[in-house]
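Welcome, and please open your viewer. Let us walk through this structure together, one selection at a time.

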Amino acid sequence: MSVDGNSSITLMKTLQTSTEVYSVCRYDVNRFIVGIVDDRRHARMIGLNGQESDIQSLTFPDKTYGAYYRCTYLPSDGVLAVTYRDEHTVQLYQIGPGTSRTVKDDRIQGPAGICGAQGRVFVVSTGTDTVVEMTVHGEVVKCHDVGMKWPRSISVTQDGGHMVVTNKMARDSTIKLFKMEYS
């Protein structure tokens, strides 16, 4: 899709996929990285031409996951970050070298939504009703109280100045916008 100056969106193309996609993020101008469900390949690349391919340099855990994990890609750092809800972990994969680092911290409980900007990874921790902020190297920097029950999804502006968090509540669904200030 494209977005014009008036914030109107225009459908440019529809792609059919061979697997169920649960999250999507931009890799480069011609490709996306998608998190896929019920497959031992937890993420794949899809080009604008519809061609699907594995991310050759990465080795994922030999386990099939349902719809309870998400991924995001930080192009400036070459890092694919994946949440594994049942293990209460975030895996940081360095695309290219193919290395990875597991982030396990008591503040990360039932990780759900994930996004990144400015060398930081933001993870929604549903078990603690917070957003955990970490570096792309896995160092937990801060735990943000977002003042809502069961936060689920997150987005941060590319400049890292604003964060949007939503929750999953049947009768009290909320979207909150936060201004991020760094000291």
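The tour goes from the whole chain to its nonpolar cores.

Start with the whole chain as a cartoon, and keep in mind that this is a predicted model. You will find 17 strands and zero helices. The radius of gyration is 16 Å, close to the 16 Å that the globule rule gives for 183 residues, so the chain is as compact as a globular protein of that length. Turn the C-alpha trace along its principal axes, and it spans about 45 × 40 × 35 Å.

Next, switch on the surface. Its accessible area comes to about 10200 Å², with carbon and sulfur atoms contributing 47%. Now colour the charged side chains: there are 20 positive and 20 negative ones, and the centres of these two sets lie 2 Å apart.

Then hide the surface and look inside, where buried residues make up 44% of the 183 residues. Select Ile33, Ile55, Leu80 and Ile95, which have the most contacts inside the largest nonpolar core, a set of 20 residues. Strands that give two or more residues to this core are β3 (21-28), β4 (31-36), β5 (43-47), β7 (71-74) and β8 (79-84).

Which residues does Ile95 touch, leaving aside those up to four places away in sequence? Centre on Ile95 and show Tyr27, Ile33, Ile55, Ser57, Leu58, Tyr73, Gly78 and Leu80.

For the last stop, pick Ala81, Val121, Val136 and Val140: they are among the 14 residues of another core, which lies apart from the largest one.

Key. Residues are numbered from 1 along each chain as its sequence is written. This is a predicted model: local features need pLDDT of at least 70, side-chain atom pairs count only at pLDDT 80 or more; totals for chains, interfaces and linings use all residues. Side-chain values use heavy atoms; hydrogens and water are left out. Helices (H or I, at least four residues) and strands (E, at least two) are DSSP runs, numbered from the N terminus. The radius of gyration is taken over C-alpha atoms; the globule rule is 2.2 Å times the number of residues to the power 0.38. Buried means under 20% relative accessible area, exposed over 50%, partly exposed in between (1.4 Å probe, protein chains only). Accessible areas come from the Shrake-Rupley method with a 1.4 Å probe; for residues, only the protein chains shown count as cover. Lys and Arg count as positive and Asp and Glu as negative; His and the chain ends are not counted. The place of a charge is taken as NZ of Lys, CZ of Arg, CG of Asp or CD of Glu. A nonpolar core is a set of buried Ala, Val, Leu, Ile, Met, Phe, Trp, Tyr and Cys residues joined through side-chain atoms within 4.5 Å. Contact means heavy atoms within 4.5 Å.
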